Amino acid sequence: MKIAIMGHGVVGSGVVELLKLNSDFIKQKAGESIEVKKILDLKDFSELDYADKFTKDFNDILNDDEIKIVAETMGGLNVAYKFVKECLEHKKSVVTSNKELVAAKGAELIAIAQKNNINFLFEASVGGGIPIIKPLHLCLGANEIVEIAGILNGTTNFILTKMIDDNMSFDDALKLAQNLGYAEKDSTADIEGFDACRKICILSSLAFGKHIYPENVHCEGIKGISLEDVENAKKIGGVIKLIGRAKPTSDYKLEIMVSPSIIMNNSQLASVKDVFNAVLVRGNATGDVMFYGKGAGKLPTASAVVSDIIDVVRAKDNIDTLSWKDSNENNIVPYTDVVSDFYINILNPELKDISDFFANSSIISANENRQALVLKNTTLKSINEAEEKLNNIGIKILNKLNILDY
């Protein structure tokens with residue numbers, strides 16, 4: 001089986017390396033050998049022993065009838081979308097690690113693949129080397145998925161771990177993550193939650209059958225988390241994690257969001273530290289099942305890409321269980337209406353009694369001019385309404401976080 005790779009960065013070069021490293025084992029799994037015929041990249045790689053495989057012209061891949069599978073590892077949206085769509089229309093199966101592409105264009109590309117009886121697979125787009133896409137549409141296929149929740153970004157989890165375990169400030173933890181190569185110089189996509197948002201949209205689309213667009217999902221990052229919040233979370237027996245979560249409602253809508261949240265210490269998710277990721281899937285038959293591992297990295301992500309290549313080789317026809325339908329329907333519950341327990345941290349200069357503003361509240365701590373409270377079974381909408389009244393008497397809410405039960 002002859003394949004092409006588009007993009008020879010960290011993941012693309014990892015795919016080449018893994019196909020060499022495990023060639024005999026991969027041949028046994030796929031039923032035939034897999035040969036990289038072309039690699040598309042604008043950079044020069046003349047020093048490599050496979051330099052003859054490189055091309056700067058996409059048409060060398062598109063018009064080569066011997067190439068049946070294309071691995072897209074370029075990243076980004078516009079160019080990747082154009083190239084992937086054209087490959088599928090030319091009846092070449094595509095596997096990708098590109099979460100931005102799948103989150104934005106997944107439904108369309110899946111439909112093109114189905115029409116042409118080929119495949120568009122994307123195991124590596126969520127969780128790097130953690131198998132989660134295949135378990136969702138195959139292994140858990142007998143379940144109604146009740147909820148999905150996960151730590152979906154290693155950079156933010158590393159930063160929060162340093163804040164929790166080492167009392168390190170957000171800025172210092174971010175700088176350390178950058179120095180260690182866990183965070184990009186421009187870490188906006190990680191820190192603001194956009195990366196996690198794309199991943200929970202992909203998982204939700206697959207689990208619940210309709211395309212969920214990231215721009216419709218509430219997304220909140222971790223820049224506002226303070227060491228004070230971290231300590232207050234410890235006082236109630238929890239830790240702060242950036243959580244992407246999705247839950248269908250009884251009226252066929254979806255609660256979905258990304259936000260920093262307090263997870264209690266008895267949860268499996270609370271023990272996930274450093275750059276590791278974890279996805280908890282709650283099925284009506286299995287109960288809670290958690291998938292854990294490295295969410296990024298050269299060979300872990302390449303492993304997921306090559307696994308998809310093997311699946312395409314073995315499948316011959318379209319794998320129709322891996323699909324969802326496009327939808328413009330606004331079926332997402334407003335995030336301010338989702339009922340939850342909340343933690344709030346308040347600047348209260350005179351420590352005024354605020355019990356009348358919040359029902360079912362209890363105080364975690366109160367000293368100097370700060371108060372931290374836990375609010376039971378409320379909504380962000382109710383908290384925001386109380387906040388307006390509090391502002392009028394000189395009291396300011398500094399932070400508000402969901403407290404989640406997983």
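This is a tour of selected strands, helices and loops in a predicted model.

**Stop 1: the parallel sheet**

Begin with the open sheet of 6 strands, which are ordered β3-β2-β1-β4-β5-β6 and paired in parallel. Select residues 54–55 and then 120–121 to see its edge strands, β3 and β6, each of which pairs on one side only.

Next select residues 67–72 and residues 93–96. These are the strands β4 and β5, which run parallel and are joined by 4 bridges. Which residue of β5 stands opposite valine 70? Show the side chains, and valine 94 is found there.

Add residues 10–21, which form helix α1. This helix lies across β1 (2–6) and β2 (35–40), and its direction is at about 150° to that of β1.

**Stop 2: helices α4 and α5**

Two packed helices are described by the angle between their axes and the distance between the axes. Select residues 78–89 for α4 and residues 99–115 for α5; their axes come within 10 Å and cross at roughly 15°. An angle under 35 degrees counts as roughly parallel, so α4 and α5 are roughly parallel to each other. The crossing in which α4 passes α5 is right-handed.

To see the contact, show Ala80, Tyr81, Val84, Lys85, Leu88 and Glu89 on the α4 side. On the α5 side, show Leu101, Lys105, Glu108, Leu109, Ile112 and Ala113. Colored by class, the residues of this contact give 8 nonpolar, no polar and 4 charged.

**Stop 3: from α5 to α10**

Keep α5 selected and add residues 194–208, helix α10. The two helices pack at an angle of about 50°, and their axes are 9 Å apart. At that angle α5 is oblique to α10. Here α5 passes α10 in a left-handed crossing.

Lys99, Glu100, Val102 and Ala103 of α5 meet Asp195, Arg198, Lys199 and Ile202 of α10. The contact of α5 with α10 has 3 nonpolar, no polar and 5 charged residues.

**Stop 4: helices α7 and α8**

Now select residues 154–166 (α7) and residues 170–179 (α8). At what angle do their axes cross? The crossing is at roughly 130°, with the axes coming within 9 Å. That makes α7 oblique to α8, and the crossing is right-handed.

Show Phe158, Ile159, Lys162 and Met163 in α7; they meet Phe170, Ala173, Leu174, Leu176 and Ala177 in α8. By class, the residues in the contact of α7 with α8 are 8 nonpolar, no polar and 1 charged.

**Stop 5: the strands around β13**

Strands of a sheet pair through backbone hydrogen bonds, either parallel or antiparallel. Select residues 340–347, which form β13. Is this strand mostly covered or mostly open? It is mostly covered, with 7 of its 8 residues buried.

Add residues 370–378, strand β15. β13 and β15 run antiparallel and are joined by 7 bridges. Along this pairing, asparagine 345 stands opposite alanine 372.

Then add residues 396–404, strand β16. β13 is joined to β16 by 7 bridges, and these strands also run antiparallel. Tyrosine 343 stands opposite leucine 401 in β16.

Return to β15 and select its other neighbor, β14, at residues 361–367. β14 and β15 pair in the antiparallel sense over 6 bridges. One bridge links serine 362 to its partner in β15, valine 374. The two strands form a hairpin with 2 residues between them. In that turn, glutamate 368 has a positive phi of about 50°.

**Stop 6: two loop residues**

Most residues other than glycine have a negative phi, and most peptide bonds are trans. Two loop residues with a positive phi end the tour.

Select leucine 351, in the loop between β13 and β14. Its phi is near 50°, a positive value in a residue other than glycine. Leucine 351 counts as partly exposed because its relative accessibility is 37%.

Finally, select tyrosine 252. Where is this residue found? Tyrosine 252 is in the loop between β9 (238–248) and β10 (254–264). Its phi is positive, at about 65°, although the residue is not a glycine. With a relative accessible area of 74%, tyrosine 252 is exposed.

Methods
Residues are numbered from 1 along each chain as its sequence is written. This is a predicted model: local features need pLDDT of at least 70, side-chain atom pairs count only at pLDDT 80 or more; totals for chains, interfaces and linings use all residues. Side-chain values use heavy atoms; hydrogens and water are left out. Axes are lines fitted to C-alpha atoms, for helices over the stretch in contact, and angles run from 0 to 180 degrees between N-to-C directions. Angles under 35 degrees count as roughly parallel, over 145 as roughly antiparallel, 65 to 115 as roughly perpendicular and the rest as oblique. A crossing is left-handed if the near helix is turned anticlockwise from the far one by less than a right angle, and right-handed if clockwise. Contact means heavy atoms within 4.5 Å. Ala, Val, Leu, Ile, Met, Phe, Trp, Tyr, Cys and Pro count as nonpolar, Asp, Glu, Lys and Arg as charged, and the others, Gly among them, as polar. Buried means under 20% relative accessible area, exposed over 50%, partly exposed in between (1.4 Å probe, protein chains only). Two strands pair if DSSP finds at least two bridges between them.
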